[in-house]
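Visitor: I would like a close look at a single part of this model. Please take me through the open sheet and whatever packs around it.

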Amino acid sequence: QRAAGTPIGLIILEDGDDEDPLAGLDDSLRNESQWLIAHKPDIKDPRDCLECPWNVNFLPEPILNGELEIAVRDALNGKKSKKSRIKIIDSRFALNKMRLLLVEDNQVNQKVAQSILRKLGLKADLVANGEEALEALERINYNLVLMDCQMPVMDGYEATQRIRAQDSQVLNHSVPIVAMTANAMKGDREKCLQAGMDDYIAKPITPNSLAEVLAQWLSEEIKA
């Protein structure tokens, strides 16, 4: 509710499945107010805001640390969203049919990771150890591997070393591998990198941490 004639500087709205979240609104609100619309990654390409006739910026979910502050400041300053500001998973990845492999033996961690990936608009095949990961990578050319470090049968370090070995039967020896580990001690990142992994996230993983690392490595896959 607002008093008659009282201007509203910024309106923040969460988008649903409607094609036009501003449909049915008073033209004065459309034209006089700045809008910031948070949306699911598979609903709208963030770049669409550059073509929008209204004063609208789009902010794809999940919203990362600092993104909301930047988006609010830009909207109040009348700036349109910039592609370089959007460090999230967006619909381009789904359209490019990204295939991910999740290597994790713990059922709780499996469910957490898969839930976050679904919210990011992504899906992943699931295996429970490094040996199964090698078998999967021999059959399918994945775009990225999320690799637990401590697993039975074959851990993530050995599995990564075998993936990188040129005499292994995997289809892509250079597939990006992101380590997932409960260890947060100094030197763990270096141990992962020495094994041949490309990046590292600590458990428990969060939507922000996973989205940031996937945005980096899947963006490189799109460029390739």
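Guide: Here is a walk through the sheet, then its helices, then two loops. Keep in mind that this is a predicted model.

Start with the strand order. The open sheet has five strands, in the order E5-E4-E6-E7-E8, with parallel pairing. E5 and E8 (199-202) stand at the edges. Each has a single partner strand, so one side of each is left without a neighbour in the sheet. Neighbouring strands are turned against each other by 20° on average, direction ignored.

Now look at one edge. Strand E4 covers residues 100-103, and strand E5 covers residues 124-127. The two run parallel and are joined by four bridges. To find one pairing, pick Leu-101: its bridge partner in E5 is Asp-125. Helix H4 (residues 107-119) belongs here too. Together, E4, H4 and E5 form a β-α-β unit, and the unit is right-handed.

Move along to E6 and E7. E6 spans residues 144-148, and E7 spans residues 177-181. Four bridges join this parallel pair as well. Opposite Val-145 you will find Ile-177 of E7. A general point helps when you look at side chains: in a regular strand they alternate between the two faces of the sheet.

Next come the helices on the sheet. Helix H5 (residues 130-139) lies across E4, E5 and E6. H5 runs at about 165° to E4. H7 packs on the sheet too, and touches E7 and E8. The direction of H7 makes about 140° with that of E8.

H7 also has a helix partner. H6 (residues 156-164) packs with H7 (residues 188-195) at an angle of about 30°, and their axes are 8 Å apart. Angles under 35 degrees count as roughly parallel, so H6 is roughly parallel to H7. On the H6 side, the contact is made by Tyr-157, Thr-160 and Gln-161. H7 brings Lys-191, Cys-192 and Ala-195. Zoom in on two of these residues. Lys-191 lies over the face of Tyr-157, at 4.5 Å from the ring centre. As for aromatic pairs, a search of the whole structure finds zero.

Finish with the loops. Most residues other than glycine have a negative phi, and most peptide bonds are trans. Val-153 sits in the loop between E6 and H6. Val-153 is not a glycine, yet its phi is positive, about 70°. Past E8, the peptide bond joining Lys-203 and Pro-204 is cis, with omega about -5°. Pro-204 is in the loop between E8 and helix H8 (207-223).

Note on methods: Residues numbered from 1 in each chain as written. Predicted model: local features only at pLDDT ≥ 70, side-chain atom pairs only at ≥ 80, totals over all residues. Heavy atoms only, no water. Phe/Tyr/Trp six-rings, centres within 6.5 Å; stacked < 30°, edge-to-face > 60°. Lys NZ or Arg CZ within 6 Å of the ring centre and 35° of its normal. Pairing = 2+ DSSP bridges. Right-handed = clockwise from strand over helix to strand, strands pointing away. Axes fitted to C-alpha atoms, helices over the stretch in contact; angles between N-to-C directions. Parallel < 35°, antiparallel > 145°, perpendicular 65-115°, else oblique. Contact = heavy atoms within 4.5 Å.
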